[in-house]
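Grab a coffee and open the viewer. Here are a few exercises to work through at your own pace, each with a solution.

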Amino acid sequence: MLYALGVIAFALGLLGSIALHEIGHMVPAKKFGVRVTQYMVGFGPTIWSKRKGETEYGVKAIPMGGYIRMIGMVPPGKDKQSRWPRRMAELVEEFRATSRAEVEPGQEHRQFYRLTPGKKMIIMLGGPTMNLLIFIFITVLLYGLIGVKGPTTTVASVSKCVVPVTSTATDCPAAGSAGYVAAPANGRLVAGDVIESINGTRISHWSQSVTIIEASAGKTLTVRVQRAGAPVTLTITPVQTTKYANDQGTKTKQAGFIGISTTQDYQRLGVAGISRVIWKQMSLGVDALKQFPSKISSLVGTVFEGKPRDAQGAVGVVGLGRIGGQIADSHQISTLDKISSLLSLLAGVNLLLFFFNLLPLLPLDGGHVAGALVESVRRGWARLRLRVGGHDAVTVGPDGKPVDEPTGQSPRPQIFVDVAQLVPVMYVVAGILIVFSVLVMYADIVKPITLN
């Protein structure tokens, strides 16, 4: 039951993210006067749809994305021979015809391709920007209201002896035997003590205690704790031992140690802490995108060579749903842990969607942004040539554009980048993405990633 609820909860969160992504495209498009004929969440057969005004809103069967349909995405074709081979040239014109099929008489001015490059970029960046805002919103909600789980200032247990992390021993040696070093906190602190200050420094986070203790080997510290509701002051002298120097356990260091572990609980972060988390997650997102080619190689090894599934590898919608179900069904974590983990998972997906959609490849949003950038550069170059050619005395119309006085027409044709000419490349990229999605789905079903 909990497993199914986890799958459904994550699926609804993902569908909501897709819907908001497309709203990020649709709102500025309508604001700029572009006619939007369809707003769809998903692909394939339509499950439900309703027309409101000039736009059909609906949900389709395959929740692998979404789209909005804007009229006139590409300009009319020119009467010149295509540079593509005949079959590819036919594909270009078929795509052009489909894109322009909904352009009705009197609606020519509402075509997407007629917008300025800046407006085109705003529309195409609206979707990824919405994913980024979802990520930021969830992160602020998660760490500002729930917090991050970590060590508190409450003692959970006290060690009897000091065992370096490089030691293979799992238990303390016999008391009084060679190599036995009593833990400084043993007999001084007890489970349930709440550390309030060390050497007069008020302790509000466990990390403050660690900093002081590690730098104080051989030095006597005055520790004030709350024990059973009453203040207790005692002294502890840390001993030097070998400890891990990083979270991965790959480096060690010599530092002070007293031999206690603390309880774990959620602690809310302030603005500075949340900002650091957002920046760190964005850096990790960039790193994940850089590692994408290696993830493909790992996936191919899993599907075709029977290699074990990489737990840090690529995962699709099916796999993410299963992970959501495993989180909800776990008996090892609390309800708050489950909520936090599901929100973190959804935030991470939105961050990756933000970066992935910015790749300058059609049919991704970044491909259209790249086309608009090229168009902007070409228009700027044309204006520069117009000025250098001595035509900067031309009359300027009410829209700020140069016009020819006798005819009232533009002295030069408007420059547009014909994105339709890149349709063969777009089909190749789309084909690769489809094949990759199928491989990921197969791996998610046959060799799913299992949380431990």
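The exercises below cover a helix pair, a disulfide and some aromatic rings, all in a predicted model.

**Exercise 1. The helix pair**

Task: Find helix H1 and helix H3, and work out how their axes cross and which residues meet.

Solution:
- Step 1. Locate the two helices: H1 covers residues 2–31 and H3 covers residues 117–146.
- Step 2. Look at the axes. They come within 7 Å and cross at roughly 145°.
- Step 3. Get the hand: the crossing of H1 and H3 is right-handed.
- Step 4. List the contacts. On the H1 side you'll find Ser17, Leu20, His21, Gly24, His25, Pro28 and Ala29. Their partners in H3 include Ile122, Met124, Gly127, Pro128 and Ile134.
- Step 5. Sort the contact residues by class: 9 are nonpolar, 7 are polar and none is charged. Gly goes in with the polar ones in this scheme.

**Exercise 2. The disulfide**

Task: How many disulfides does the structure hold, and which cysteines form a disulfide?

Solution:
- Step 1. Count: there is 1 disulfide.
- Step 2. Name the partners. Cys161 and Cys172 are bonded, with their sulfur atoms 2.0 Å apart; the cut-off for a disulfide is 2.5 Å.
- Step 3. Place the pair in the chain. Both Cys161 and Cys172 sit in the loop between strand E3 (148–158) and strand E4 (194–198), so the bond ties together parts that are 11 residues apart in sequence.
- Step 4. Check the hand. The torsion about the S-S bond of Cys161 and Cys172 is about -100°, so this disulfide is left-handed.
- Step 5. Are the two cysteines buried or exposed? Cys161 is buried, because its relative accessible area is 4% and buried means under 20%. Cys172, at 36%, is partly exposed.

**Exercise 3. The aromatic rings**

Task: Count the aromatic pairs, then describe the one formed by Phe43 and Tyr67.

Solution:
- Step 1. The count comes to 5 aromatic pairs.
- Step 2. Take Phe43 and Tyr67: their rings are 5.9 Å apart, centre to centre, with 15° between the planes. Planes under 30 degrees apart count as stacked, so this pair is stacked.
- Step 3. Where do the partners sit? Phe43 belongs to strand E1 (residues 36–52) and Tyr67 to strand E2 (residues 55–70), so the pair links distant parts of the chain, 24 residues apart.
- Step 4. Check accessibility. Phe43 is partly exposed at 34%, whereas Tyr67 counts as buried at 18%.
- Step 5. Finish with the cluster: ring pairs link Phe292, Phe356 and Phe436.

Definitions and conventions. Residues are numbered from 1 along each chain as its sequence is written. This is a predicted model: local features need pLDDT of at least 70, side-chain atom pairs count only at pLDDT 80 or more; totals for chains, interfaces and linings use all residues. Side-chain values use heavy atoms; hydrogens and water are left out. Axes are lines fitted to C-alpha atoms, for helices over the stretch in contact, and angles run from 0 to 180 degrees between N-to-C directions. Helices (H or I, at least four residues) and strands (E, at least two) are DSSP runs, numbered from the N terminus. A crossing is left-handed if the near helix is turned anticlockwise from the far one by less than a right angle, and right-handed if clockwise. Contact means heavy atoms within 4.5 Å. Buried means under 20% relative accessible area, exposed over 50%, partly exposed in between (1.4 Å probe, protein chains only). Rings of Phe, Tyr and Trp (its six-membered ring) pair if their centres lie within 6.5 Å; planes under 30 degrees apart count as stacked, over 60 as edge-to-face and the rest as tilted.
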